[in-house]
Amino acid sequence: MKPDFNLDTPVQFLKTVGPARMRALARLDIHTVGDLLAHYPRRYFDRTSTVPIGRILPGQDVTIQGEVLTSGERRTRRGGSLQTVGIGDDTGVMFCIWFNQSYLMKQFRSGRKVMVSGTVTARNGKKQIAHPDFEILENPSDDEDAAGKAGAGLHTGRMVPVYGLSAGIGQHWLRALVDQALGRFSGLLSEILPATLRTERGLVGREQAVREIHFPPRKAAQEAALRRLAYDEIFFIQVLMALRREAHGSQAAVALDKPGDLTARLVHGLPFELTSAQRRASAEILADLRSGRAMHRLLQGDVGSGKTLVALIAALFVIEQGYQALLMAPTEVLAVQHGRTLRQLCEPLGIAVETLTGSTPAAERKAILDSAAAGEIDLLVGTHALIQQDVRIPRLALSIVDEQHRFGVRQRGKSTEAAETDLQAHVLVMSATPIPRSLALTLYGDLDLSLIDELPAHRKPVVTELVQGDGEQQVWQACRRELAAGRQIFVIHPVIDETEGHDLKAATVEFEKLEREVFPDARVALLHGRMKGPQKDETMAAFSSGEIQVLVATTVVEVGIDVPNATGMVIHNPERFGLAQLHQLRGRIGRGDQGGTCWLLADRYLAEDSYRRIRFFSEHTDGFALAEEDLRQRGPGDAWGVRQSGSPGFRLANPLRDAELVRLCRQDARKWLESDPGLRSAEGERIRRGLQESFRGFLPLQSG
Ligand code: ADP
Ligand code: MG
């Protein structure tokens with residue numbers, strides 16, 4: 001055993017991991033031993049209790065063991081293929097079915113002993129399991145090598161882990177690899193929770209938990225391991241948030257107690273009334289700004305709820321008292337749009353607004369930086385370009401971060417560094433991500449929350465139509481009617497270019513067809529992420545002004561784009577997008593007062609979960625409902641930008657489902673920090689190490 005073997009050790013240091021396996025593991029996001037140990041089983045085969053086939057009933061979740069009796073495949077009416085395998089034991093026969101998985105046929109040769117696991121359904125009186133987890137019990141398939149067979153004791157007579165795989169990796173081999181890693185770690189995996197806390201919450205030790213989540217001797221052990229590891233996932237994020245909150249609480253900020261009349265003049269000049277939710281949120285923000293303590297507030301509101309105006313009100317409140325504000329957006333397209341809108345609103349008030357992005361020409365950039373440093377720019381709008389070293393905003397008092405979920409936690413902190421005073425600038429982050437409360441407490445536990453829970457009154461709903469197979473022509477016809485009425489259309493594609501082996505609509509290819517054949521009388525333009533900055537700006541500006549009528553795009557338009565005259569959106573291959581992303585995309589239309597239609601042009605042949613997802617989407621417009629469904633379907637680890645937020649992601653815990661766990665961890669974290677604020681006690685050291693492991697380089701802790 002090398003003493004330097006640790007969680008950061010690359011996986012190729014383990015035996016049996018050659019270059020090909022390494023690449024296959026990388027596809028699962030497994031690069032280090034730590035990643036491998038955190039690649040928890042998707043489920044388990046409980047080999048201590050298989051069920052005789054004759055006794056299984058529809059609706060049950062079962063593991064059966066039997067022999068392959070028949071196997072075959074046929075074409076389906078809709079152009080796919082269906083694989084069916086009959087499996088029997090002494091008590092009866094059942095069937096496993098797959099769609100479009102021809103390659104499985106060579107594994108299910110007659111006479112082989114197999115184990116399959118899944119939920120039983122009944123069809124025409126026959127019992128079947130669709131897309132089961134399975135394992136060939138003898139003659140392991142060709143991708144299982146000697147190393148896999150060597151660990152044979154891992155695969156039988158116990159609760160056996162079933163892992164998510166990628167091409168080039170087999171279940172047996174991966175099990176043996178995890179076992180090898182656990183063996184080498186024996187006694188080395190340090191405990192990161194204080195003993196008192198573990199006792200109080202009845203949690204098993206860390207090493208035991210990691211071992212038994214993979215190879216539980218029995219069900220109860222697996223549950224105990226799960227409880228412990230899920231606790232860790234929530235607890236450390238709660239400690240981080242509590243530390244930040246504490247750090248915020250002690251920050252003095254510019255006292256803004258001499259308001260002028262700018263905000264009132266802005267509101268009077270608007271062609272509409274603020275919604276009452278907008279007024280309430282503004283009041284909460286202005287109260288923070290007056291307080292003399294640094295604001296750290298999250299402004300949450302569904303797409304189209306009018307967050308930009310609330311942000312502007314906050315900015316003007318700062319500006320009218322002689323300070324500067326900045327607004328940072330996650331994409332160039334969005335930054336430029338914000339710059340344009342805000343300038344229009346601010347010009348009549350005599351307020352100077354400038355926009356700075358990565359593609360601002362050097363000379364212009366220098367001019368902007370100079371006048372920002374001289375205090376001549378009141379509101380500076382831009383992308384990450386705003387948080388570079390050479391940006392000086394000496395009288396910065398408010399930093400606004402739009403679409404926060406697109407930025408990491410790290411950048412959220414950085415946005416105030418351009419100020420030169422010793423005082424902390426106020427921070428307002430905005431998000432259209434309608435995350436439920438328990439998740440918000442987890443991810444944004446360091447922030448106060450303002451909610452815009454109401455859309456402007458005149459909005460008409462957007463209708464969503466799911467179109468599968470034929471019917472595309474009718475969609476284009478409907479689009480032409482919108483265009484004839486003077487409206488504008490988005491056509492969204494999942495990819496820029498045609499990719500090999502995928503049947504996805506590509507923006508560049510479709511663009512030509514749309515321009516020539518579908519909309520010969522309209523002005524059609526292309527927008528995607530690989531275009532140069534200025535070219536993107538020009539296209540977006542032309543679409544905004546109505547000069548361009550059809551925008552053929554990728555998801556570059558996903559966040560924030562605001563063109564109220566756009567009433568139609570066609571989304572190709574909607575099955576390729578998550579619910580959150582679809583919601584953001586659809587949020588681009590129906591922003592004026594004429595409603596809109598969103599057409600989902602889906603593959604005629606969809607996997608069941610994809611179908612369920614887009615079906616749900618076509619029937620719901622409320623962001624919260626969609627968020628909850630998304631979290632339910634995918635788990636919070638991938639959903640709603642949780643990964644990008646800088647947390648290691650939730651693998652076992654689900655803050656949505658585990659609201660009680662969130663409450664406990666929050667309470668435990670706060671209580672611990674009350675008695676040991678700097679985590680300096682011997683037991684507190686453990687927590688400190690756990691934080692370091694979970695969040696690496698960006699902790700609000702002074703070391704030493
Ligand atoms: P989001 O919350 O998605 O960022 P925006 O701030 O871009 O939304 O606002 C969406 C659209 O609604 C904009 O065109 C904006 O001018 C308009 N809007 C904002 N507030 C109101 C209101 N109170 N009444 C009518 N329209 C409004
Ligand atoms: Mg917005």
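**Arg 586, Leu 585 and the nonpolar cores**

Guide: In this predicted model, a polar atom of the Arg 586 side chain lies 3.1 Å from the backbone oxygen of Phe 617.

Visitor: What makes the approach of the Arg 586 side chain to the backbone oxygen of Phe 617 a polar contact?

Guide: The distance is 3.1 Å, and because a polar contact requires a suitable pair of N or O atoms within 3.5 Å, the pair qualifies.

Visitor: Why is Arg 586 said to have no salt bridge?

Guide: The nearest side chain of opposite charge, that of Asp 302, is 8.2 Å away from the buried Arg 586, and since a salt bridge must fall within 4 Å, Asp 302 does not provide one.

Visitor: Which residues, beyond four places in sequence, are in contact with Arg 586?

Guide: Among them are Val 462, Thr 464, Met 569, Cys 598 and Phe 617; Arg 586 itself is placed in helix H18.

Visitor: Why is Leu 585 called buried?

Guide: Leu 585, which is also in helix H18, spanning residues 579-586, has a relative accessibility of 0%, and because buried means under 20%, Leu 585 counts as buried.

Visitor: How do you know which residues Leu 585 touches, leaving out those up to four places away in sequence?

Guide: Contact means heavy atoms within 4.5 Å, and on that basis Leu 585 touches Ile 492, Thr 555, Val 557, Glu 558, Met 569 and Ile 571; the C-alpha atoms of Leu 585 and Val 557 are separated by 7.1 Å, although these residues are 28 apart along the chain.

Visitor: How many residues has the largest nonpolar core, and which helix gives the most to it?

Guide: The largest nonpolar core has 85 residues, with Phe 235 one of those having the most contacts inside it, and helix H7 gives the most, with 14 residues.

Definitions and conventions
Residues numbered from 1 in each chain as written. Chains lettered and ligands numbered in written order. Predicted model: local features only at pLDDT ≥ 70, side-chain atom pairs only at ≥ 80, totals over all residues. Heavy atoms only, no water. Helix = DSSP H or I, 4+ residues; strand = E, 2+ residues; numbered from the N terminus. Buried < 20%, exposed > 50% of the residue type's maximum accessible area, 1.4 Å probe, protein only. Lys, Arg positive; Asp, Glu negative; His and termini not counted. Polar contact = N/O pair within 3.5 Å; in protein donor to acceptor, adjacent residues only side chain to side chain. Core = buried A, V, L, I, M, F, W, Y, C linked by side-chain atoms within 4.5 Å.
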